[in-house]
Amino acid sequence: MFPVSRPRRLRSSEKIRDLVSETSLDTKKLIMPVFVDETARKPVPIPSMPGIARQTPDSLAGHLGELDEAGVSSILLFGIPGRKDDKGTSAHQENGVVQESIRIARKETSQIVIADLCMCEYTSHGHCGVLHGEEVDNDSTLESYGKIALSYAKAGVHMVAPSGMMDGQVGFIRETLDGSGYQNVPIMAYSAKYASAMYGPFRNAADSTPSFGDRRAYQMDPRNSREAMLEIAHDLNEGADIIMVKPALPYLDIINKARESFDAPIAAYSVSGEYTMLKMAVDNGYLAPSAIEESITSIFRAGADMVITYFAEYLCEKSRK
Ligand SMILES: [Zn+2]
């Protein structure tokens, strides 16, 4: 108690503050999302995400080289295909946009290549699976997810990240991969993925807005927290290697609760809306740039082991200066 206890003693200089700091922003723990658009001729800036562009299959190698140079050690790939149909078949083509991007990334860089695994960018209706009437049919969608996982593994992906929120998706993908000799490809499971308005700018980027309805019939209700623990427990039982909470900043309590409940590595996805809010406020001078570090650090402080963020390149670059 005061006057014996004076917490200010340990705040008196930068060096002391560093010494007693509990969390650090380790750039090796940042994952940069990368969009590859098969229909584009040159990189297309995404208006709703200033500073971020969709790459083309031809510009990808150069972009990855830049990320390498900045010190980005992991990427998360998303594809925008040239062809969409109601069953999203271009998602599991051997020479599909993500499959080719995986090959390019594996050849050109030493980055950890993680690929998002879903169908919303590939279906003409924009939903994350195969429709039965107006509903996404869970079990037939799993068959497609298995095919996608296998095609990614064949292309040389380091890790698959199923994001569709179908029940049983992790177990089905695990079984499919193991059955074909890919038992060493880890699964990063989007375990607690909320039906969030924060994905808005990404939909712009990935061209994946559903043509009817929304995703609330499969993504989680933002009002729920215990349900997230249930989802995570399911995924771990099914063989997930890394669990994920998405979005991050409005869901720090979920990350923290997951940290306290589970020992598996936790990834947090700081989504496009979080990026755009901070980026635009900083670009306009309304917030100091340190708001970016503060926000990403808060995600680690909450308990995340790794953070997927569109600021990965910026933060890596900054730490090198
Ligand atoms: Zn999806």
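1. Met 165 is buried in this predicted model, since 25 other C-beta atoms lie within 10 Å of its own. The residue sits in the loop between β8 and α5, the latter spanning residues 169-179. Its backbone deserves a careful look, as phi of Met 165 is near 60 degrees, which is a positive value in a residue other than glycine.

2. A second methionine in a loop, Met 198, is placed between β9 and α6, with α6 covering residues 200-206. Met 198 is likewise buried, with 23 other C-beta atoms within 10 Å. Once its neighbours within four places in sequence are left aside, Met 198 is in contact with Pro 247, Pro 250, Val 271, Gly 273 and Glu 274. By contrast, Thr 39, which is 159 residues away from Met 198 along the chain, has its C-alpha atom 26 Å from that of Met 198.

3. One of those contacts of Met 198, Pro 247, follows a cis peptide bond, the one from Lys 246 to Pro 247, for which omega is near -10 degrees. Pro 247 is found in the loop that runs between β10 (242-246) and α8. Another cis peptide bond leads from Phe 2 to Pro 3, with omega near 10 degrees, and Pro 3 belongs to the segment before α1 (14-20). A reader checking the backbone may wish to view these two bonds in turn.

4. The sheet should be traced strand by strand. It is an open sheet of eight strands in the order β8-β5-β4-β1-β12-β11-β10-β9, and the pairing is parallel. Its edges are formed by β8 (159-162) and β9 (188-193), each of which pairs on one side only. From one strand to the next, the twist averages 30 degrees. In general, the strands of a sheet pair through backbone hydrogen bonds, in either a parallel or an antiparallel manner.

5. At the β8 edge, strand β5 (residues 112-117) is joined to β8 by four bridges, and the two strands run parallel. Within this pair, Ile 114 stands opposite Met 159 of β8.

6. Strand β12 can be followed on both of its sides in the sheet. With β1 it pairs in the parallel sense over two bridges, and here Leu 30 stands opposite Val 307 of β12. With β11 the pairing is again in the parallel sense, over four bridges, and Ala 267 is the residue opposite Met 306 of β12.

7. Which residues of β12 cover its two faces, and are they buried or exposed? Met 306 and Ile 308 lie on one side, Val 307 and Thr 309 lie on the other, and all are buried, so that both faces of the strand are covered. In a regular strand, the side chains alternate between the two faces of the sheet.

8. Helix α10 (residues 290-302) lies across β11 (266-270) and β12 (306-309), and the helix runs at about 145 degrees to β12. Helix α10 also packs with α8 (residues 252-261), at an angle of about 30 degrees and with the axes 8 Å apart. The two helices, α8 and α10, are therefore roughly parallel to each other, the limit for that description being an angle under 35 degrees. At their contact, Leu 252, Ile 255 and Asn 256 of α8 meet Ser 298, Ile 299 and Ala 302 of α10, and the residues divide into four nonpolar, two polar and no charged.

9. The largest nonpolar core holds 99 residues, and those touching the most other members are Ile 75, Leu 77, Ala 115, Tyr 152, Ile 255 and Ala 268. Helix α4 (residues 138-155) gives the most to this core, contributing eight residues. Ile 255 is also one of the α8 residues that meet α10. For Leu 77, leaving aside its neighbours within four places in sequence, the contacts are Val 34, Val 36, Val 98, Ser 101, Ile 102, Val 113, Ile 114, Ala 115 and Asp 116. Among these partners of Leu 77 is Ile 114, the residue that stands opposite Met 159 in β8.

10. Finally, Glu 22 lies in the loop between α1 and β1 (30-37). Glu 22 counts as exposed because it has 6 C-beta neighbours inside 10 Å, where exposure requires 12 or fewer. Glu 22 and Arg 301 are 279 residues apart in sequence, yet 7.9 Å apart in space from C-alpha to C-alpha.

Conventions:
Residues numbered from 1 in each chain as written. Predicted model: local features only at pLDDT ≥ 70, side-chain atom pairs only at ≥ 80, totals over all residues. Pairing = 2+ DSSP bridges. Axes fitted to C-alpha atoms, helices over the stretch in contact; angles between N-to-C directions. Contact = placed C-beta atoms within 7 Å. Core = buried A, V, L, I, M, F, W, Y, C linked by C-beta atoms within 7 Å. Buried ≥ 20, exposed ≤ 12 C-beta atoms within 10 Å, placed from the backbone. Parallel < 35°, antiparallel > 145°, perpendicular 65-115°, else oblique. Nonpolar A, V, L, I, M, F, W, Y, C, P; charged D, E, K, R; others polar.
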